[in-house]
Amino acid sequence: MRNSAKQWISLSLLGLMLVKVWVIPLLYLDFEIRREYIVANLCENKNRPQMHCDGKCYLAKRIAALDEQEKRQAEKTYMSRLIDQVMDQLAVFSFAQQPVVVGLLPQAVFSVVPCFTPRIAVDDIFHPPLV
């Protein structure tokens, strides 16, 4: 009994995933099966036969609507996950007073270096080649 319930649950989840994957191919199959009806009744360009649309405008609208619906669903899922993640974090704020330690800095020592210092030996070694 317990094993069959797991099998039914797994088969139903597999079926849902397959429906999600097969939505666009099923849309094309539906278009091919009902092509005559779509051309006769649902096509936007049926008054202009020179365009040779043959119902492709209807199919393009359906695919665009499906893509828009998937984008909205993805955005909604992302936002709900983001909100859940932010709300699930337990934030503990404590405003305990911390002691303040003030120390005096030692007096600064300044050294004066004249502008015209002798050259460093490394500068004499590393220089561009002289021609």
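What follows is a walk through this model, from the overall fold down to a few individual residues.

Keep in mind as you look around that this is a predicted model. The protein is helical through and through: its secondary structure comes to five helices and zero strands. Reading along the sequence, you meet the pattern α-α-α-α-α. There isn't much of a buried interior here, as buried residues make up 9% of the 131 residues in the protein. The outside amounts to about 13,000 Å² of exposed area, and carbon and sulfur atoms supply 65% of that area. As for how the chain touches itself, take the contacts between residues at least 6 apart in sequence: 44% of these join residues at least 24 apart.

Start at the N-terminal end, where a nonpolar patch of about 930 Å² sits on the surface. Its members are Leu 11, Leu 14, Met 17, Leu 18, Val 21, Trp 22, Leu 26, Leu 29 and Ile 33. Two elements give two or more residues each to this patch, namely α1 (2–21) and α2 (23–33). The largest share belongs to α1, with five residues. Leu 14 is a handy one to pick out: this leucine lies in helix α1 and belongs to the patch. Buried or exposed, where does Leu 14 fall? Neither label fits, because its relative accessibility is 41%, which counts as partly exposed. The cut-offs make that clear, since buried means under 20% and exposed means over 50%.

Now move along to the place where α2 hands over to α3. The axes of these two helices come within 4 Å and cross at roughly 75°. So α2 runs roughly perpendicular to α3. Which residues meet here? On the α2 side you'll find Phe 31, Glu 32 and Ile 33, and on the α3 side they meet Arg 35, Glu 36 and Ile 38.

Two of those residues turn up again when you look at charges. As a rule, side chains of opposite charge can pair when their charged atoms come close. The structure holds three salt bridges, and one of them joins Arg 35 to Glu 32, with the closest N and O atoms 2.8 Å apart. Arg 35 has a relative accessibility of 25% and therefore counts as partly exposed. Glu 32, which sits in helix α2, is partly exposed too, because its relative accessible area is 46%. Glu 32 is also worth a look for what lies further along the chain: Gly 55 is 23 residues away in sequence, yet the two C-alpha atoms are 9.9 Å apart in space.

A second salt bridge links Asp 30 with Arg 34, where the closest N and O atoms are 3.0 Å apart. Asp 30 is partly exposed, because its relative accessibility comes to 26%. Arg 34 counts as partly exposed as well, since its value is 29%.

For the remaining bridge, look at Lys 61 and Glu 44, whose side chains meet at 2.6 Å, N to O. What does this pair tie together? Lys 61 lies in helix α4 (residues 56–88), while Glu 44 belongs to the loop between α3 (35–42) and α4, so the bridge connects parts that are 17 residues apart in sequence. Lys 61 counts as partly exposed because its relative accessibility is 49%. Glu 44 gets that label at 47%.

Stay in the loop between α3 and α4 for the last stop, where the backbone does something you may want to check. His 52 lies in this loop, and its phi is near 50°, a positive value in a residue other than glycine. Asp 54 has its place in the loop between α3 and α4 too. Its phi is near 55°, again positive in a residue other than glycine. How open to the outside is each one? His 52 is exposed, because its relative accessible area is 60%. Asp 54 is partly exposed, since its relative accessible area is 39%.

Methods:
Residues numbered from 1 in each chain as written. Predicted model: local features only at pLDDT ≥ 70, side-chain atom pairs only at ≥ 80, totals over all residues. Heavy atoms only, no water. Patch = residues over 30% accessible without salt bridge, like charges linked within 9 Å, V, L, I, M, F, W, Y side chains within 5 Å. Areas by Shrake-Rupley, 256 points an atom, 1.4 Å probe, with all protein chains shown as cover. Salt bridge = Lys/Arg side-chain N within 4 Å of Asp/Glu carboxyl O. Buried < 20%, exposed > 50% of the residue type's maximum accessible area, 1.4 Å probe, protein only. Axes fitted to C-alpha atoms, helices over the stretch in contact; angles between N-to-C directions. Parallel < 35°, antiparallel > 145°, perpendicular 65-115°, else oblique. Contact = heavy atoms within 4.5 Å.
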